[in-house]
Amino acid sequence: MNEIHQKAEVTLRRITAKTVRSICNLSVSENQRKFVAPNAVSIAQAYFSKNAWFRAIYADDTPVGFVMLHETPKLGKYFLWRFMIDSKYQGKGYGHKALELIIKRVKKMPKAKALTLSVIRGEGSAENLYLESGFKFTGKIEDSEHVMKLTY
Ligand SMILES: CC(C)(COP(=O)(O)OP(=O)(O)OC[C@H]1O[C@@H](n2cnc3c(N)ncnc32)[C@H](O)[C@@H]1OP(=O)(O)O)[C@@H](O)C(=O)NCCC(=O)NCCS
(Lines give C-alpha, C1' and ligand atoms only; values in the text may rest on other atoms or scores of the structure.)
Protein backbone atom coordinates (compact mmCIF):
# COMPACT_ATOMS: atom_id res chain seq x y z
CA MET A 1 0.00 0.00 0.00
CA ASN A 2 1.34 3.41 -0.91
CA GLU A 3 1.63 5.83 1.96
CA ILE A 4 0.44 9.10 0.45
CA HIS A 5 -1.01 11.96 2.37
CA GLN A 6 -1.92 15.63 2.23
CA LYS A 7 1.74 16.67 2.41
CA ALA A 8 2.62 14.69 -0.72
CA GLU A 9 4.41 16.58 -3.45
CA VAL A 10 2.17 16.98 -6.48
CA THR A 11 3.86 16.88 -9.89
CA LEU A 12 2.79 16.69 -13.52
CA ARG A 13 4.63 13.92 -15.37
CA ARG A 14 4.83 12.68 -18.93
CA ILE A 15 2.96 9.46 -19.60
CA THR A 16 5.16 6.66 -20.90
CA ALA A 17 4.67 3.18 -22.35
CA LYS A 18 5.32 1.89 -18.84
CA THR A 19 2.78 4.12 -17.07
CA VAL A 20 -0.02 4.51 -19.63
CA ARG A 21 -2.05 1.58 -18.32
CA SER A 22 -2.00 2.83 -14.73
CA ILE A 23 -3.16 6.27 -15.93
CA CYS A 24 -5.98 4.69 -17.97
CA ASN A 25 -7.03 2.77 -14.85
CA LEU A 26 -7.65 5.99 -12.89
CA SER A 27 -11.33 6.85 -12.70
CA VAL A 28 -13.88 9.12 -11.08
CA SER A 29 -16.96 7.93 -9.20
CA GLU A 30 -20.12 6.88 -11.06
CA ASN A 31 -21.93 10.18 -10.40
CA GLN A 32 -18.94 12.20 -11.67
CA ARG A 33 -18.69 10.43 -15.03
CA LYS A 34 -20.76 13.14 -16.71
CA PHE A 35 -18.05 15.69 -15.86
CA VAL A 36 -15.04 14.13 -17.59
CA ALA A 37 -14.20 11.58 -20.31
CA PRO A 38 -12.25 8.40 -19.42
CA ASN A 39 -8.49 8.95 -19.57
CA ALA A 40 -8.08 6.36 -22.33
CA VAL A 41 -10.45 8.42 -24.51
CA SER A 42 -8.57 11.64 -23.71
CA ILE A 43 -5.20 10.06 -24.56
CA ALA A 44 -6.64 8.72 -27.84
CA GLN A 45 -7.96 12.20 -28.70
CA ALA A 46 -4.60 13.72 -27.83
CA TYR A 47 -2.96 11.37 -30.30
CA PHE A 48 -4.97 12.97 -33.11
CA SER A 49 -4.70 16.58 -31.95
CA LYS A 50 -1.82 18.94 -32.66
CA ASN A 51 -2.96 21.15 -29.79
CA ALA A 52 -3.18 18.68 -26.94
CA TRP A 53 -0.77 18.85 -24.01
CA PHE A 54 -1.33 16.23 -21.35
CA ARG A 55 0.28 14.89 -18.22
CA ALA A 56 -0.38 12.45 -15.41
CA ILE A 57 -0.81 13.98 -11.97
CA TYR A 58 1.31 12.34 -9.28
CA ALA A 59 1.24 12.61 -5.49
CA ASP A 60 4.81 11.70 -4.61
CA ASP A 61 5.32 8.62 -6.78
CA THR A 62 1.69 7.54 -6.99
CA PRO A 63 -0.34 8.39 -10.11
CA VAL A 64 -3.56 10.05 -8.91
CA GLY A 65 -4.99 11.95 -11.87
CA PHE A 66 -4.83 13.31 -15.38
CA VAL A 67 -4.88 16.72 -17.03
CA MET A 68 -5.09 17.79 -20.65
CA LEU A 69 -4.96 21.26 -22.17
CA HIS A 70 -5.86 22.47 -25.64
CA GLU A 71 -3.21 25.01 -26.53
CA THR A 72 -2.88 27.41 -29.45
CA PRO A 73 0.26 29.44 -28.59
CA LYS A 74 0.13 31.42 -31.85
CA LEU A 75 -3.19 32.88 -30.76
CA GLY A 76 -2.40 32.84 -27.05
CA LYS A 77 -5.34 30.49 -26.43
CA TYR A 78 -5.18 27.99 -23.58
CA PHE A 79 -8.08 25.78 -22.57
CA LEU A 80 -8.28 23.27 -19.71
CA TRP A 81 -9.76 20.38 -21.66
CA ARG A 82 -9.70 17.49 -19.15
CA PHE A 83 -8.96 17.39 -15.46
CA MET A 84 -9.55 14.55 -13.02
CA ILE A 85 -8.35 13.04 -9.76
CA ASP A 86 -9.16 9.37 -9.18
CA SER A 87 -12.05 8.98 -6.71
CA LYS A 88 -9.77 7.17 -4.20
CA TYR A 89 -7.51 10.20 -3.97
CA GLN A 90 -10.05 13.05 -4.02
CA GLY A 91 -10.47 15.54 -1.18
CA LYS A 92 -6.77 15.50 -0.23
CA GLY A 93 -5.84 18.77 -1.94
CA TYR A 94 -4.21 17.13 -4.99
CA GLY A 95 -6.68 18.70 -7.45
CA HIS A 96 -6.03 22.15 -6.04
CA LYS A 97 -2.24 21.73 -6.14
CA ALA A 98 -2.33 20.32 -9.69
CA LEU A 99 -4.48 23.23 -10.83
CA GLU A 100 -1.94 25.67 -9.38
CA LEU A 101 0.82 23.94 -11.39
CA ILE A 102 -1.28 24.15 -14.56
CA ILE A 103 -1.99 27.86 -13.99
CA LYS A 104 1.75 28.49 -13.48
CA ARG A 105 2.66 26.57 -16.61
CA VAL A 106 0.23 28.44 -18.84
CA LYS A 107 1.40 31.77 -17.43
CA LYS A 108 4.85 31.09 -18.95
CA MET A 109 3.46 30.18 -22.39
CA PRO A 110 3.59 32.54 -25.40
CA LYS A 111 0.96 35.32 -25.46
CA ALA A 112 -0.81 33.79 -22.45
CA LYS A 113 -3.30 36.29 -21.09
CA ALA A 114 -5.90 33.84 -19.85
CA LEU A 115 -6.73 30.22 -19.16
CA THR A 116 -10.29 29.18 -19.96
CA LEU A 117 -12.37 26.09 -19.24
CA SER A 118 -15.98 25.00 -19.32
CA VAL A 119 -17.76 23.34 -16.46
CA ILE A 120 -21.05 21.55 -15.89
CA ARG A 121 -22.70 23.27 -12.94
CA GLY A 122 -24.61 21.50 -10.18
CA GLU A 123 -23.99 19.02 -7.42
CA GLY A 124 -20.46 17.58 -7.40
CA SER A 125 -19.21 20.12 -9.95
CA ALA A 126 -15.61 21.36 -9.77
CA GLU A 127 -16.78 24.98 -10.03
CA ASN A 128 -15.89 25.81 -6.40
CA LEU A 129 -12.36 24.61 -6.93
CA TYR A 130 -12.07 26.84 -10.01
CA LEU A 131 -13.58 29.85 -8.19
CA GLU A 132 -11.10 29.36 -5.31
CA SER A 133 -8.23 29.36 -7.82
CA GLY A 134 -9.32 32.67 -9.37
CA PHE A 135 -11.49 31.61 -12.32
CA LYS A 136 -14.60 33.67 -13.01
CA PHE A 137 -17.74 32.83 -14.95
CA THR A 138 -17.78 34.66 -18.28
CA GLY A 139 -21.54 34.31 -18.78
CA LYS A 140 -20.96 32.26 -21.94
CA ILE A 141 -22.50 28.80 -22.28
CA GLU A 142 -21.06 26.34 -24.80
CA ASP A 143 -22.67 22.92 -25.33
CA SER A 144 -24.53 23.40 -22.02
CA GLU A 145 -21.24 24.00 -20.19
CA HIS A 146 -20.47 27.28 -18.44
CA VAL A 147 -17.29 28.99 -19.57
CA MET A 148 -14.88 30.20 -16.88
CA LYS A 149 -11.76 32.27 -17.33
CA LEU A 150 -8.69 33.07 -15.28
CA THR A 151 -7.00 36.26 -16.43
CA TYR A 152 -3.28 36.72 -15.86
C1 LIG B 1 -12.60 18.30 -9.42
C2 LIG B 1 -11.50 17.38 -8.93
C3 LIG B 1 -10.39 17.30 -9.97
C4 LIG B 1 -10.96 17.96 -7.61
O5 LIG B 1 -9.89 17.14 -7.17
P6 LIG B 1 -9.58 16.92 -5.60
O7 LIG B 1 -8.21 16.39 -5.48
O8 LIG B 1 -10.67 16.11 -5.01
O9 LIG B 1 -9.67 18.43 -5.08
P10 LIG B 1 -9.08 19.01 -3.73
O11 LIG B 1 -8.96 17.92 -2.72
O12 LIG B 1 -7.88 19.80 -4.07
O13 LIG B 1 -10.25 19.97 -3.28
C14 LIG B 1 -10.37 21.25 -3.84
C15 LIG B 1 -11.81 21.69 -3.80
O16 LIG B 1 -12.55 20.86 -4.69
C17 LIG B 1 -13.84 20.63 -4.14
N18 LIG B 1 -13.98 19.19 -4.09
C19 LIG B 1 -13.18 18.27 -3.53
N20 LIG B 1 -13.64 17.04 -3.71
C21 LIG B 1 -14.79 17.17 -4.41
C22 LIG B 1 -15.72 16.26 -4.92
N23 LIG B 1 -15.60 14.93 -4.74
N24 LIG B 1 -16.77 16.75 -5.62
C25 LIG B 1 -16.89 18.07 -5.79
N26 LIG B 1 -16.04 18.96 -5.33
C27 LIG B 1 -15.00 18.53 -4.65
C28 LIG B 1 -13.94 21.29 -2.84
O29 LIG B 1 -14.63 22.53 -3.06
C30 LIG B 1 -12.51 21.57 -2.46
O31 LIG B 1 -12.49 22.78 -1.81
P32 LIG B 1 -12.17 22.85 -0.23
O33 LIG B 1 -10.68 22.94 -0.18
O34 LIG B 1 -12.88 24.09 0.17
O35 LIG B 1 -12.71 21.60 0.38
C36 LIG B 1 -12.04 15.94 -8.61
O37 LIG B 1 -13.09 16.05 -7.67
C38 LIG B 1 -12.55 15.23 -9.85
O39 LIG B 1 -11.80 14.56 -10.55
N40 LIG B 1 -13.87 15.35 -10.10
C41 LIG B 1 -14.51 14.63 -11.21
C42 LIG B 1 -14.08 15.13 -12.56
C43 LIG B 1 -14.35 16.60 -12.77
O44 LIG B 1 -15.37 17.14 -12.37
N45 LIG B 1 -13.40 17.25 -13.45
C46 LIG B 1 -13.50 18.63 -13.82
C47 LIG B 1 -14.11 18.75 -15.18
S48 LIG B 1 -14.41 20.46 -15.61
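Let me start with arginine 13, which counts as partly exposed because its relative accessibility is 30%, a value that falls between the cut-offs of under 20% for buried and over 50% for exposed. Please keep in mind from the outset that this is a predicted model, and that every value I quote is computed from it. Arginine 13 belongs to strand E1, which covers residues 10-13, and if you go from its C-alpha atom to the C-alpha atom of alanine 114, which is 101 residues away along the chain, you cross 23 Å.

A second partly exposed residue is serine 87, and it is placed in that class because its relative accessible area is 34%. Serine 87 is part of the loop that runs between E4 and H3, and its C-alpha atom is 23 Å from that of tryptophan 53, with the two positions 34 residues apart in the count along the chain.

Now let us turn to the buried side. What is the relative accessible area of serine 42? The value is 0%, so serine 42 is buried, and you will find this residue in helix H2, which spans residues 39-47. Serine 42 and arginine 82 stand 40 residues apart in sequence, yet their C-alpha atoms are 7.5 Å apart in space.

Isoleucine 85 is also buried, because its relative accessibility is 9%, and this residue lies in strand E4. From the C-alpha atom of isoleucine 85 to that of alanine 98, 13 residues away along the chain, the separation is 9.4 Å.

Isoleucine 85 also brings us to the ligand, since it is listed among the closest residues, together with Phe83, Gly93, Gly95 and His96, in a shell of 22 residues that surround the ligand. Sorted by class, that shell holds ten nonpolar, ten polar and two charged residues.

Where does the ligand sit? It sits in the largest pocket. The elements that contribute two or more residues to the shell around it are strand E4, residues 77-85, helix H3, residues 94-107, and helix H4, residues 127-132. Of these, which one gives the most to the shell? That is H4, with four residues.

We can look at particular atoms as well, and I will take three pairs one after another. A nitrogen atom of the ligand lies 2.9 Å from an N or O atom in the side chain of glutamine 90. An oxygen atom of the ligand is found 2.8 Å from a polar backbone atom of glycine 95, so that pair, like the others, falls within the 3.5 Å used as the cut-off for a polar contact. For glutamate 132, an oxygen atom of the ligand is 3.1 Å from an N or O atom in the side chain. As for the ligand as a whole, it would expose 880 Å² if taken alone, and the protein buries 74% of that.

My last topic is the backbone. Most residues other than glycine have a negative phi, and with that in mind I would like you to look at two residues in loops.

Lysine 111 is not a glycine, and yet its phi is positive, at about 55 degrees. Lysine 111 is located in the loop between H3 and strand E5, the latter being residues 114-119. Is lysine 111 buried or exposed? It counts as exposed, because its relative accessibility is 55%, and the cut-off for that class is over 50%.

Serine 144 likewise has a positive phi, here of about 65 degrees, although it is not a glycine. Its place is the loop between strand E6, residues 136-142, and strand E7, residues 145-151. With a relative accessibility of 63%, serine 144 therefore counts as exposed.

Notes
Residues are numbered from 1 along each chain as its sequence is written. This is a predicted model: local features need pLDDT of at least 70, side-chain atom pairs count only at pLDDT 80 or more; totals for chains, interfaces and linings use all residues. Side-chain values use heavy atoms; hydrogens and water are left out. A residue is near a molecule or strand if one of its heavy atoms lies within 4 Å of it. A polar contact is a pair of N or O atoms within 3.5 Å; within protein, one must be able to donate a hydrogen and the other to accept it, and residues adjacent in sequence count only if both atoms are side-chain atoms. Accessible areas come from the Shrake-Rupley method with a 1.4 Å probe; for residues, only the protein chains shown count as cover. On a 1 Å grid over the protein atoms alone, a cavity is a set of points where a 1.4 Å probe fits but cannot get out, and a pocket is an open set with protein on both sides within 12 Å along at least five of seven lines; lining residues have an atom within 4 Å of a point. A molecule sits in a cavity or pocket if more than half of its atoms lie within 2 Å of its grid points. Ala, Val, Leu, Ile, Met, Phe, Trp, Tyr, Cys and Pro count as nonpolar, Asp, Glu, Lys and Arg as charged, and the others, Gly among them, as polar. Buried means under 20% relative accessible area, exposed over 50%, partly exposed in between (1.4 Å probe, protein chains only).
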